[in-house]
Every structure is written in structure tokens, then in C-alpha cells.
Amino acid sequence: MIRSPLTTLGAAIAATMALSACSSLEPQPYSEAQVRQRAIADQEQMYRNQEPINQPITFYEAAARALKYNLDYRLKLMESALASNLQDVSRHELLPQLVADAGYSDRSNDSGGTSIGIEDGEESLRASTSEERYRTTAGLGLSWSLLDFGLAYYENQQKADQILMAEERRRKVAQNVLRDVRNAYWRALAAQRLIPQLNTLLARTEVALDAAREAQRQGLLPRQEVLAYQRALLDSTTLLTARRQDLELAQTELAALMSLPPGTRLILADEPQHDLPPTVVDVEYLETLALQHRPEIMEEWYRKRINELDLEAAKARLWPNITLSAGVEYDSNDYLYNNNWAQSGVNVSLNLLRLLQYPDLDNAQKTQAEVDDMRRTALSMAVLTQVRVGALRYHLAQEELDYADQSLDVDQDLLAYAKAASSSAIGSELEVIRAESRYLLSEYQREAAYSRAQAAWGRLFNSIGLDVLPDTVEQYDIDSLALEIEQMMTMHQNEAALMLPAPVRPSSETDRVPQTGEPFQAPESSSQSDRGTPQPGEANAA
């Protein structure tokens with residue numbers, strides 16, 4: 001049997017490709033150098049193209065940096081863009097198929113055959129062929145399937161809804177980022193203000209402890225009195241140290257939200273504390289806003305439409321498939337009478353057994369719609385609960401802030417009295433330090449109460465689902481974004497301030513609102529305060 005050179009060359013190429021494919025199936029882990037290079041590239045990607053920090057950061061600038069550079073938010077932006085690109089791709093499925101083909105074939109011998117008589121079985125023709133051994137073919141065909149068009153139409157609608165779902169997820173991440181920045185910024189600013197005072201007071205406390213121990217050794221004061229003073233100073237030191245840790249963690253958390261490189265010096269603008277919105281009247285309107293604007297509810301609504309389209313596409317597969325085709329063909333075979341020709345056709349096919357699926361698909365569609373509605377209703381109920389609980393938390397946080405202001409005023413007067421009554425005796429010096437510790441702790445508790453009030457307002461704002469940024473932003477530099485966020489927040493705050501409820505404080509422990517991170521459930525004991533569990537050390541500080 002004679003083989004053509006092209007056939008031999010093709011077989012050699014196929015064998016070589018098969019051997020290389022087999023060798024590539026072996027496990028090939030990354031080398032240490034590749035892992036190291038990947039880690040360096042990932043770290044550079046985290047902090048690439050960030051605007052430098054040239055001035056102290058305000059709250060709105062911190063929010064703008066978090067929204068622009070936060071990796072979670074950037075990921076949701078990319079997912080939204082990807083969903084849009086996928087829809088553009090799916091639109092091409094609506095077009096007919098236009099297929100061009102070309103080929104070359106050869107044989108080692110001639111094709112052909114003979115004919116025999118049907119009645120007698122005698123050979124009537126000598127062996128002959130109508131096909132050359134070597135020939136080329138080409139064609140251009142256009143085909144359009146009605147069923148494929150219908151399925152592509154449903155898929156395109158689903159892609160459009162997936163774009164809207166991705167946009168809702170982006171909105172939710174933006175709202176959560178702003179809530180977290182609000183929660184961390186004011187604690188970080190309190191840290192910037194109080195940590196230098198804490199460090200100074202801790203140093204004075206250490207000096208006072210050494211003086212108390214020396215007085216104990218020399219017998220200048222009664223032993224019980226000196227030990228009581230030492231105990232009080234150690235308690236103050238413990239509380240101050242714990243507060244310093246809380247404050248330092250807040251700065252780290254804010255830097256992480258802003259995606260700042262490690263080691264970046266974070267200086268916040270020592271701006272006046274923003275006025276908190278008042279609590280007034282209409283919680284029902286807030287609930288209506290939440291049901292209209294919450295991204296999770298909108299996402300579930302789009303998911304219902306996607307599920308409906310899935311079942312509509314399944315029903316479409318029961319239809320007859322009508323295929324239209326037309327094209328031109330070419331064959332270089334010299335034995336053909338016509339080497340060029342055009343052809344067209346219509347084909348209709350229907351799987352009759354599939355029609356039995358229609359009643360089940362119809363029932364499944366109704367059940368799916370009921371499940372989607374129930375899931376959205378359950379989510380809506382949770383949203384309404386969040387709005388009411390958020391409003392009550394905000395009201396209680398404002399009361400706590402008012403009490404913290406009063407406590408700070410009292411401790412300030414006590415400190416002034418202790419300083420005025422101080423003498424050269426060691427006991428009076430220790431009393432001044434204790435008064436300064438109480439005052440500093442009260443100042444911390446006041447800053448913490450303000451931070452919790454800001455966080456409570458942020459959670460309430462977040463529970464409504466209002467947008468952080470407008471639909472269109474002209475420029476995306478930090479200053480422009482900060483200005484857009486400030487304008488949006490001011491507008492929403494002015495609108496919502498007229499609608500916030502003025503809830504009545506719970507009369508029973510079962511109505512107590514849980515603190516942050518605490519599960520929402522009825523407590524087992526009625527001995528706790530309706531204002532929640534005190535923070536560690538607050539009882540001792542009092």
C-alpha cells in the first residue's frame with residue numbers, strides 16, 4: 001500500500017503531539033521561586049496606584065479611600081463588569097450560524113464499484129470510479145434554528161438579570177464598607193486623641209507605684225492604706241492598658257479597610273465630632289424605604305425572574321425545532337459534472353415523548369414561583385426587624401452618650417477638687433492620679449459612647465439600603481469621591497432625620513436589644529440592665 005508524503009508527515013506530527021501530551025499529564029508543582037514571585041506580585045497588586053496621603057484624613061476621605069481601594073469592593077466591580085461582558089457574548093447566540101469550511105483529502109487507491117442485476121445477480125458494469133484520489137473541498141453555509149434562537153433569547157435575558165444582581169451585590173458591599181468605616185473611624189480618632197494621654201498617665205502611675213512601695217518600706221503610711229493605694233493604682237493600670245489595646249486595634253482596622261500598605265503612618269484630621277441625627281417619628285416609612293432599596297431583596301427578586309426563565313427555556317425545548325439552511329459548495333473532483341453548486345433546505349423535528357413533560361414543568365414553575373416569593377418574604381421580614389432594632393439601638397446609643405457626657409462632667413469636677421485639695425503627702429498625690437485615671441476612663445467611655453452612637457446610626461442607615469454613591473460619578477480621585485459621599489450622606493441624613501422613630505425604652509427584659517455581636521434572643525434573667533451588658537472594666541471605673 002502506497003502512502004502519500006503528506007499522510008506520513010501527518011502521522012509523525014500526531015505521534016509527537018500524543019507523546020508530549022502524555023508527558024504533560026505528570027504533576028508539575030510550582031517552584032519556590034515561582035511561589036515567591038507570585039507572592040510579591042500579589043502584594044504589589046494590593047497597593048498599586050494608590051494616591052499618596054499628603055494631609056490628615058477626614059471621615060469622608062477615609063470612606064472614599066475604602067471604596068476606591070478596598071479589595072472586596074473592587075472584586076464586586078469586576079464581577080459586575082464580567083457579567084456585562086458575558087451578556088455581550090450571549091447576544092451573538094441570537095444570530096444565525098455562518099459556517100465556512102475547507103478541506104483536502106487523498107486516498108491510497110481509487111474509490112468506485114460495480115453494479116449487478118437485481119434479478120439475475122450478473123455483473124452489469126465494469127469497475128469504475130467517479131472520485132479523484134486527491135481533491136479539495138470548500139463550502140459556506142448559513143443555518144438558523146428556531147429552537148436555538150429561543151433558548152439564546154432566554155439565556156440573554158438571564159444574563160441581563162445577572163448583571164443587575166451583580167450590581168446589587170456591589171451596592172451591598174459599598175454600603176457595608178461605609179458602615180465599617182464609620183464604626184472604625186471614630187474609634188481610631190479617639191485613639192489618636194487619647195493614646196498620648198494614656199501613655200503619660202501610665203508613666204505617672206508607674207512612678208506613683210514606686211513611691212507607694214518606697215513609703216511601705218520606710219513605714220511612712222499604714223501598711224493597709226499603702227496596699228489599698230497600690231491596689232487602686234494597679235486596677236487603674238489594668239483598665240488603662242485594656243483601653244489602649246482597644247484603641248490601637250481600631251487604627252489597624254481602619255487602615256485595613258482603606259487598604260493602606262503595612263507601616264503607613266495614619267494621621268486623622270482632628271475634626272469636630274459630627275452632629276448625630278435626632279430621633280423622631282415614622283418607623284413605617286423607614287420600613288417601606290428598606291423594602292424598596294435593600295440590595296438583598298432586589299437580588300432575590302431578580303433571582304426569581306432567572307428561575308422563571310430557566311423553566312420557560314425547559315418548556316421551549318418541547319417545541320418543534322425548525323431549521324433553515326442555505327449555502328454554496330465547491331469540490332475540485334474533475335469527474336463531477338458541476339464542481340460548484342448552491343443548496344437550501346428546511347428541516348422540522350419534534351420529540352413527541354417530550355410533550356409528556358409539559359404538565360410537570362408547569363407544576364414546577366408554579367412551585368418555584370411560590371418558593372421564590374416565600375424566600376423573599378422571609379428576607380423582607382428580617383429586613384423589617386433590622387430596621388426596628390436598628391432604630392431602637394440608635395435611640396439607646398444616644399441615651400448612653402448623654403449619660404457618658406454627664407459622667408465626664410462629674411469626673412472632671414472630681415479631678416479639679418482632687419488637684420485643689422492635694423498636698424505634698426503621698427496619699428493626696430495618689431488620689432490625684434486616681435482622679436486623673438477616672439477622668440481619662442470617663443473620657444474614653446464618652447468617646448466610645450459616641451463611636452457606638454455613630455455605629456448605631458450607620459447600622460440603621462445600612463438597614464435601609466440607601467446608596468452611598470450617586471449613579472454617575474464624574475471623577476474618581478479621592479477628593480471628588482469624598483465630596484460625592486458627603487453630599488449623598490447629607491442628603492440621605494436630612495431625609496431620614498424626619499422619619500426616624502422615637503421608640504419607648506423596653507419595660508421588660510424580654511424587649512432588651514442585644515449589643516453588637518450578641519445574638520438576638522430573650523435573656524434568661526431579668527437582673528440585667530435594659531441598656532445592655534456593660535463593657536469590661538466600666539463597673540470598676542465607676
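Glu299 is buried, at 14% relative accessible area. The model is a predicted one. In it, Glu299 forms a salt bridge with Arg169, and the closest N and O atoms are 3.0 Å apart. Arg169 sits in helix α5 and Glu299 in helix α8, so the pair ties together parts that are 130 residues apart in sequence. The arginine end is less hidden: Arg169 counts as partly exposed because its relative accessibility is 27%, between the 20% and 50% cut-offs.

This pair belongs to a wider set. Arg169, Glu299, Glu300, Arg303, Asp372 and Arg375 are linked in a network of salt bridges. Side chains of opposite charge can pair when their charged atoms come close.

**Helices α5 and α8**

Now the helices that carry the first pair. Helix α5 covers residues 146–218, and helix α8 covers residues 295–316. Their axes come within 9 Å. The crossing angle is roughly 170 degrees. Angles over 145 degrees count as roughly antiparallel, so α5 and α8 are roughly antiparallel to each other. The contact of α5 with α8 has 12 nonpolar, four polar and 11 charged residues.

**Helices α7 and α9**

A second helix pair is α7, residues 283–293, and α9, residues 358–421. Here too the axes come within 9 Å, but the crossing is at roughly 135 degrees. That angle is not over 145 degrees and lies outside 65 to 115, so α7 and α9 are oblique to each other. The crossing of α7 and α9 is right-handed.

Which residues of α7 meet α9? They are Val283, Glu284, Leu286, Glu287, Ala290 and Leu291. On the α9 side, the residues are Ser380, Val383, Leu384, Val387 and Arg388. By class, this contact has seven nonpolar, one polar and three charged residues.

Two of the residues in this contact, Glu287 and Arg388, also form a salt bridge, with the closest N and O atoms 2.5 Å apart. Arg388 lies in α9 and Glu287 in α7, so this pair ties together parts that are 101 residues apart in sequence. Is Glu287 buried or exposed? Glu287 counts as buried, at 11% relative accessibility. Arg388 is partly exposed, at 43%.

**Salt bridges**

The structure holds 25 salt bridges. Three of them are set out below, with the closest N to O distance for each.

| Salt bridge | N to O distance |
|---|---|
| Arg169 and Glu299 | 3.0 Å |
| Arg179 and Asp180 | 3.3 Å |
| Arg388 and Glu287 | 2.5 Å |

The pair of Arg179 and Asp180 has partly exposed residues at both ends. Asp180 has a relative accessible area of 26% and is partly exposed. Arg179 is also partly exposed, at 28% relative accessibility. In the other two pairs, the acid is the buried partner: Glu299 at 14% and Glu287 at 11%.

**The whole chain**

The protein chain has 12 helices and four strands. Of its 542 residues, 36% are buried. Contacts across the sequence can be put in numbers as well. Among contacts between residues at least 6 apart in sequence, 82% join residues at least 24 apart. The salt bridges described above include two that link helices, one between α5 and α8 and one between α9 and α7.

Note on methods: Residues numbered from 1 in each chain as written. Predicted model: local features only at pLDDT ≥ 70, side-chain atom pairs only at ≥ 80, totals over all residues. Heavy atoms only, no water. Axes fitted to C-alpha atoms, helices over the stretch in contact; angles between N-to-C directions. Parallel < 35°, antiparallel > 145°, perpendicular 65-115°, else oblique. Nonpolar A, V, L, I, M, F, W, Y, C, P; charged D, E, K, R; others polar. Left-handed = near helix turned anticlockwise from the far one by under 90°. Contact = heavy atoms within 4.5 Å. Salt bridge = Lys/Arg side-chain N within 4 Å of Asp/Glu carboxyl O. Buried < 20%, exposed > 50% of the residue type's maximum accessible area, 1.4 Å probe, protein only.
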